[in-house]
Each structure stands twice: as C-alpha cells, then as structure tokens.
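Student: I am new to this structure and would be grateful for a close look at a single part of it. Please take one sheet and explain how its strands are arranged.

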Amino acid sequence: MKLTRRTFLAGASAGLALPYLSKGASAAIGGQPLPIPPLVEASGSPIELEAIGGQTGFLDGATTASWGYSQSYLGPVLRLKRGEQAHIGVANRLSSPVTSHWHGMHVPAILDGGPQLEIAPGARWDIELPVDQPAATLWYHSHVHGITAEHVYGGLAGMIIVDDPEAPNAGLPQTYGVDDIPLVIQDRAFNADGSFAYVKRGPALMHGFRADTVVVNGAVRPQASVPKGLVRLRLLNGSNARIYHLRFADNRAFHQIASDAGFLPAPVRMDGITVAPAERVELLVDFSDGKAVTLLSGPDFNDPMAGMMGGMMGGMLPGPPAQAEEGRDGEFVVMRFSPDREKTAASQTIPTRLEGAPTAEFGESVRTREFVLNMHAGGMGGGMMGGGMGVMSINDASYDPDRIDIRLQRGETELWRIRADEMAHPFHVHGTAFKVLRLNGEDVPFETTGLKDVFLFQGEADLLVRLDHEATDAVPFMLHCHILEHEDAGMMAQFTVE
Ligand SMILES: [Cu+2]
C-alpha cells in the first residue's frame, strides 16, 4: 500500500509537487464567465463518474494538467432525490487509487467512500446509495489517506444537491444554473508553465496550504450573469485550508437560508459570512437593483502570512491573493455578479419561514467524549519538513488505518467536547450531522444552530452527536480536521457504529 502511494507521488502527481515559481493569475477579474457544472440527475437511471486527468484553461495562454470526475477539473453536480436510491458507478482511469466520499450523506460506512474504500487504478465501484435526509447542499471528493490534499487540489471534487419532494419549497429559487447557482470556491497557485503549484511541508503543512488565485467552479475570479431579482447561491468552500470571510463590495445585505445539513428554520439577514473548508451555505441575494457587484473575501485568520507581502518563506509559498481595489485591508476578489434584465428570477420575496429544515431532536446524551486536536503526534516528532504523514493527531494518536479509535452504539446521543488551542480547525464527522451546543462556553448564533457536519472552532466546543448508520471494523467512519494537510498528516480518527 505505502509503495503504491510513493510511486504515485513521485510519478503521476509530479505537476503538483513542483516548488512554487511565482506567477499569480494572469486572468482578469470577471474576464471568464462563471462555468456552470453539468447537472446529473442521479435518480432513476444509473449514472457513472470517471476519475480522469485532463487539461484545464485557468490562465490566459496556458493550460493546466488537472483531475476531475468525468471532466478535466471538478465533477458534475449530482442531484439526488430523497426517498430514492441512486445507482452510481465510479470508474478510476487514473494511475493513483481514488475514492468518492459522499460528504454529508447519511449512509452506512460501506457506502461512504472513505479511505478504506479505495478504487484501484482501472477498477470501478458500483453502489446503490439510499437517499433519506432533508434537502441540502453536499459534496463529494476523493479521500485516500495521505493524499486527499493532492487529490482535491488537483480537482477530484464536485457538488451534490439533495432535493426533498415531500418538503414544500416556500417559493425559493430553484432553476439550476439560472437563479439557483452552485459556487465551488477554491484557491490555487500556478507555476510559470501553467501547472498547479503545491507544497506540503513546513509551514504549508503546519498551517495548511493557501494559494494566491481564487477559482470558482474552475474559473479564475469569474463573472456570473444572474437574473435581476432574487438568486440562490449554493456555496461550497472546496479549498484545502483557506477560510473565506465573504461580503459584497457594496455592503448589500443577504440572507442565509441553509447550512451544511439543510435549511435553517428561518432566513437570517447578514452582511458578511465566514465559510470554512468543506462547509456549505445557501444564500439568497437580491440583484433587483440591476447593479453589478463584486464578492470579496477578507484574509484568513488562520494564515500566518495574511497581511504580509508575497514571496515569504524564501519563495516557497505563494503570497496572499491581490488586494481588491474596492476592498478593505487584505480583502481580495472572489468573483463578480452581473444582473441581466433578460433573465427572469422566479422569486421576488424572502420567505419568513423555511420548511423542511432537519430536525434537531437528540434527547439526553448518554456519555461525554473529549477530542483534542493536536498539531503534534505524541512522542513522535520530526517529519514536518518531509511528507508529513503521522505528525498530527487527535488525542495524541495519529491516524492509523489498522486501529479503531472509538466504538459507538447506533442511535445513542453523545456529547463531544472538542478542543484545539493553537489555531482554528474545521471539525468534520462522517455519516451524520451534529448539533453545536456551545463554543467556548457561549451559545452559538442562530445560523449555527442548524445541523452541521463541519464546524470551525478554536478553543473548546460542545457538540451533540448521534450516528444512525452502521460502520464496521473493516470499513469504519472517520472524524477529522478538514484542513486537508492536517487530515493527511494524521489529524483523523476512525470509529465503528454497532
Ligand atoms: Cu486542522
């Protein structure tokens, strides 16, 4: 197994392992139209995803070797219907083992696509995925231990939309690609020849890898043409490590209607939102004034280089994205929206209530567990400048595929106290959604009380967790930090549900 991975890292991913040679984006802001990924209806007839390599035109005058599911970069948006089974085949045409993890799906571990479910080069994985959870925006990505960061960075990720035919839609926008728009936000760096730049050692391992160029649905700082009216944005932070603090340049307010596991009970009005790696949010934005507007992000507070000029660390790491002209200190452009009066928005009013929100009835917890996310690995030191596997841990135990860390009973509610002192980590649990009770002793805001499967925290947080799906010794569920460099370095544990 280890030999296979080493061979892979030295060979197929050479384009991802070069040192950063400083290029930055040559593509103009808003110069590329926002690509809308193809929508694949995964109900009724079987669908097929193929992990493939290809060439993607991110920059002017260069192409980039990249990976995707059935396309050169990222994958189609899969739409699943509650109450149906999705027949999905995943074929691996790459020279590396891959998986397809359905992030946020509530299914048994044997269907979850975690690290134990590697699809060998040339092999395929056929499953029938039962869809039984509220409407939500989820995603899928490769999850091979030790190289998840390289896989997702290379493009092995896509969005999932779960629709619930039983839940009334309250007049929300739902015309895919028109007034219901998927946005996969990532940061990428490029070498002078256009290839992806990526490093995974030293500070890039310690704090996670961040890059200087924002891409949305695989296009650099693109422009979306939207109807002159109310638009629903489904945002996925598909970055390895970068946390986005998003707001519109003209300070317009918007409404959050959903978090990871589905709708909030009511829309929440806000003028800025933080989205951590792997988190999803759904927003309603009003473009009826017909004015074009830029979406900005503030600097990532987890980034030790935020606020510094590029070229730090001896040129080993990309600097921060370029300062936005219309932004405050350290803010950079994510993308632009341009209203088009020829396009019609189906909805004009913000609903006061949302139907179909996941219910948060957990009952009393039967036990308390503590998880400490460590930026070290107990007695084992070193390795931080090398490949990085086994240098981080949870409760002082670095991830070991041959060790079951905890055993849960199906249907039992537990209180999980998670702790991390040195920086903020997005904590993710497979196979379920949890309720956030408290962060550092305080109640969380209303928009964080909706069920979630990723929670960004620093300090101490309390979660109510219940697993309703089976996970075995052979194929357990994972819990981990979703900074992918941390996860690959061992900040991951695994558990059974019996
Ligand atoms: Cu972390």
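Student: How many bridges join strand 8 to strand 9, and in which sense do the two strands run?

Tutor: The model is a predicted one. In it, strand 8 and strand 9 run antiparallel and are joined by 6 bridges. Across this pairing, Y140 stands opposite G158, a residue of strand 9. In general, the strands of a sheet pair through backbone hydrogen bonds, and the sense may be parallel or antiparallel.

The two strands belong to an open sheet of 5 strands, whose order is 1-4-9-8-6 and whose pairing is mixed. At the edges stand strand 1 (39-41) and strand 6 (101-103); each has a single partner strand, so one side of each is left without a neighbour in the sheet. Direction ignored, neighbouring strands of this sheet are turned against each other by 30 degrees on average.

The mixed pairing can be followed from strand to strand. Strand 9 (residues 157-163) pairs with strand 4 (residues 77-81) in the parallel sense, over 4 bridges. Within that pairing, K81 has D163 of strand 9 as its bridge partner. Strand 8, for its part, is joined to strand 6 by 3 bridges, and these two strands run antiparallel. Here the bridge partner of H101 is H141 in strand 8.

Strand 8 (residues 136-141) merits further attention. Of its 6 residues, 6 are buried, so the strand is largely enclosed by the rest of the structure. A residue counts as buried here if 20 or more other C-beta atoms lie within 10 Å of its own. As a rule, the side chains of a regular strand alternate between the two faces of the sheet. In strand 8, A136, L138 and Y140 point one way, while T137, W139 and H141 point the other way, and all are buried. Two of these residues have already appeared in the pairing: Y140 opposite G158 in strand 9, and H141 as the bridge partner of H101.

Strand 8 may therefore be described as a strand largely enclosed by the rest of the structure, since 6 of its 6 residues are buried. Antiparallel bridges join strand 8 to strand 6 and also to strand 9, whereas the pairing of strand 9 with strand 4 is parallel.

Key: Residues are numbered from 1 along each chain as its sequence is written. This is a predicted model: local features need pLDDT of at least 70, side-chain atom pairs count only at pLDDT 80 or more; totals for chains, interfaces and linings use all residues. Two strands pair if DSSP finds at least two bridges between them. Axes are lines fitted to C-alpha atoms, for helices over the stretch in contact, and angles run from 0 to 180 degrees between N-to-C directions. A residue is buried if 20 or more other C-beta atoms lie within 10 Å of its own, exposed if 12 or fewer, and partly exposed in between; C-beta atoms are placed from the backbone.
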